[in-house]
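Visitor: Got a minute to walk me through this one? I'd like to start with the side chains.

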Amino acid sequence: MSSYCLATYRSFDEKADYHKKATGIAVGLTVGSWTDLPEAQKASMEKHLGKVVAVEVHEPAPGEPASSRYADITIAYPDVNFSRDIPALLVTVFGKLSMDGKIKLIDLAFSADFLAGFPGPKFGMQGVRDLLGVYDRPLLMSIFKSVVGYELPALREQFYLQAAGGVDLIKDDEILFENPLTPIEKRIAICLEAAEQAKKETHQKLLYATNLTGPTSKLASQAKKAVAEGANALLFNVLSYGFDVLHELSADPEINIPIMAHPAMAGAMYPSPHYGISASVLLGKLMRLAGADLVLFPSPYGSVVMPKEENLAIKHVLLTQDLHKDYTYQVPADVKLKLATSFPVPSAGIHPGLVPLILRDFGHDVIVNAGGGVHGHPMGTIAGGRAFRQAIDATLQGHLLREYAQTHPELQSAIDTWGIKE
Ligand SMILES: CSCCC(=O)C(=O)COP(=O)(O)O
């Protein structure tokens, strides 16, 4: 029995016969042509032929422009046509099609056969909590800022200040690449040393996500070098390297530390309503499928804004959604379909006054993440971390930030600087 992966597109066209268009996609991206084939060949090609699963046409409401006419089209692609990897799937379902007018890939669903090739996140949300021993609250992460051109002692100092403020994770800036001043093995050594120093004061465990960079062919060995040096997490710019690179790194048993996916470049792919790939597929489904343990993405609240419904769709995909959907296929009982969940990290322009909103929308299973909101604190970086921890504590205990701040000067100072968004 054939199995299929499903792709759903939103296509904008004022006049199109969308049913004809859907058939054109299903045939054009699989067997190429159908009606012209001799009957004998049709029989042998049947298993390779894409199928139209759904066509939902949305005509413009009275007063809306004709250009707002669109259809959501779902096509089933036979697994037999592509190998079990994300590049093959993406080129099949949205290779040439991505360049063919106003059309956006808005959803993907994977067959059991396809999913079986993906172990998913090695740690996931639960594994990251286990490493830190923190279960009863959202986590707090801070980001190295403006450290390009720094020598090791200055980098160590910035790490220590972040750690001493009580953060759970610290990540490299995504623009800190391999460089002679702070090469990965030396970064790891001095940052872990600073983490130990801070731990004497905070009594907290901490994960440091060091940026994995360099030529693709050397990434796995670079990651293993980092593990050998004691690294306890990696940051990875997934979209510039490709999902398959993340998949290979995360599936490698020797790279046994969590991988944090950075969304750099995503803005070139998801924001348009007419083109590209939806945020929930790009930063949600494909990241989790490829094995990201933590995924950063722009939040609806800060400086790089993503609409709230798209944010919540990413959260749903990372934390709860079953990525599997089978079309005309009985799933064998021994096929594992549930991937571990990935920790959502809504980011960019986050300050303590946004914490109530983040927790309202994401609940406990979220990582509050900030760079400028920690280092830009008027009382310094340590106070920046503390202000965030106070904002998290206040929100969990049901206090208004404004009231809690009266007895917590770091939070008060943060609110005076950035305000509270309700
Ligand atoms: C757009 S999500 C990535 C967030 C990030 O990496 C970052 O450096 C945000 O820094 P900020 O100072 O805006 O907290």
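Visitor: Lysine 171, buried or exposed?
Guide: Lysine 171 counts as buried, because its relative accessibility is 1% and the cut-off for buried is under 20%. Keep in mind that this is a predicted model.

Visitor: What does the side chain of lysine 171 meet in a salt bridge?
Guide: That would be glutamate 174, at 3.5 Å from N to O. Glutamate 174 is partly exposed, with a relative accessible area of 21%.

Visitor: And which atom of the ligand does lysine 171 lie 3.5 Å from?
Guide: An oxygen atom; the atom on the lysine 171 side is a polar one in its side chain.

Visitor: OK, the ligand then. How many residues surround it?
Guide: There are 13, and the closest are Lys145, His262, Gly349, Gly371 and Gly372. The side chain of histidine 262 has an N or O atom 2.8 Å from a ligand oxygen. Glycine 371 uses a backbone N or O atom instead, also with a ligand oxygen at 2.8 Å.

Visitor: Switching topic: where is aspartate 293?
Guide: In the loop between helix H11 (279-290) and strand E11 (294-298). Aspartate 293 is buried yet has no salt bridge.

Visitor: How far away is the nearest side chain of opposite charge?
Guide: It's lysine 122, at 7.2 Å.

Visitor: So which backbone nitrogen does the aspartate 293 side chain reach at 2.8 Å?
Guide: The one of isoleucine 259. The backbone nitrogen of glycine 124 also lies 2.8 Å from a polar atom of that side chain.

Visitor: Glycine 124 is in helix H5, right? Which residues are buried there?
Guide: In H5 (residues 124-132), the buried ones are Gly124, Met125, Gly127, Val128, Arg129 and Leu132. They pack against several elements, including strand E5 (139-143), E11 and helix H12 (308-319). After H5 comes glycine 133, with a positive phi near 70°.

Visitor: Back to charges. How many salt bridges does the structure hold?
Guide: It holds 15. One of them joins arginine 69 and glutamate 59, with the closest N and O atoms 2.9 Å apart. Those two are ten residues apart, both in the loop between strand E2 (51-58) and strand E3 (70-78).

Visitor: What about arginine 360?
Guide: Arginine 360 pairs with aspartate 361, the closest N and O atoms being 2.9 Å apart. Arginine 360 is exposed at 53% relative accessibility, whereas aspartate 361 is buried at 9%.

Visitor: Last one: how many disulfides?
Guide: Zero. Cysteine 5 is buried at 1% relative accessibility, and cysteine 191 is buried at 0%.

Conventions. Residues are numbered from 1 along each chain as its sequence is written. This is a predicted model: local features need pLDDT of at least 70, side-chain atom pairs count only at pLDDT 80 or more; totals for chains, interfaces and linings use all residues. Side-chain values use heavy atoms; hydrogens and water are left out. A disulfide is a pair of cysteine sulfur atoms within 2.5 Å. Buried means under 20% relative accessible area, exposed over 50%, partly exposed in between (1.4 Å probe, protein chains only). Helices (H or I, at least four residues) and strands (E, at least two) are DSSP runs, numbered from the N terminus. Lys and Arg count as positive and Asp and Glu as negative; His and the chain ends are not counted. A salt bridge is a side-chain nitrogen of Lys or Arg within 4 Å of a carboxyl oxygen of Asp or Glu. A polar contact is a pair of N or O atoms within 3.5 Å; within protein, one must be able to donate a hydrogen and the other to accept it, and residues adjacent in sequence count only if both atoms are side-chain atoms. A residue is near a molecule or strand if one of its heavy atoms lies within 4 Å of it. Contact means heavy atoms within 4.5 Å.
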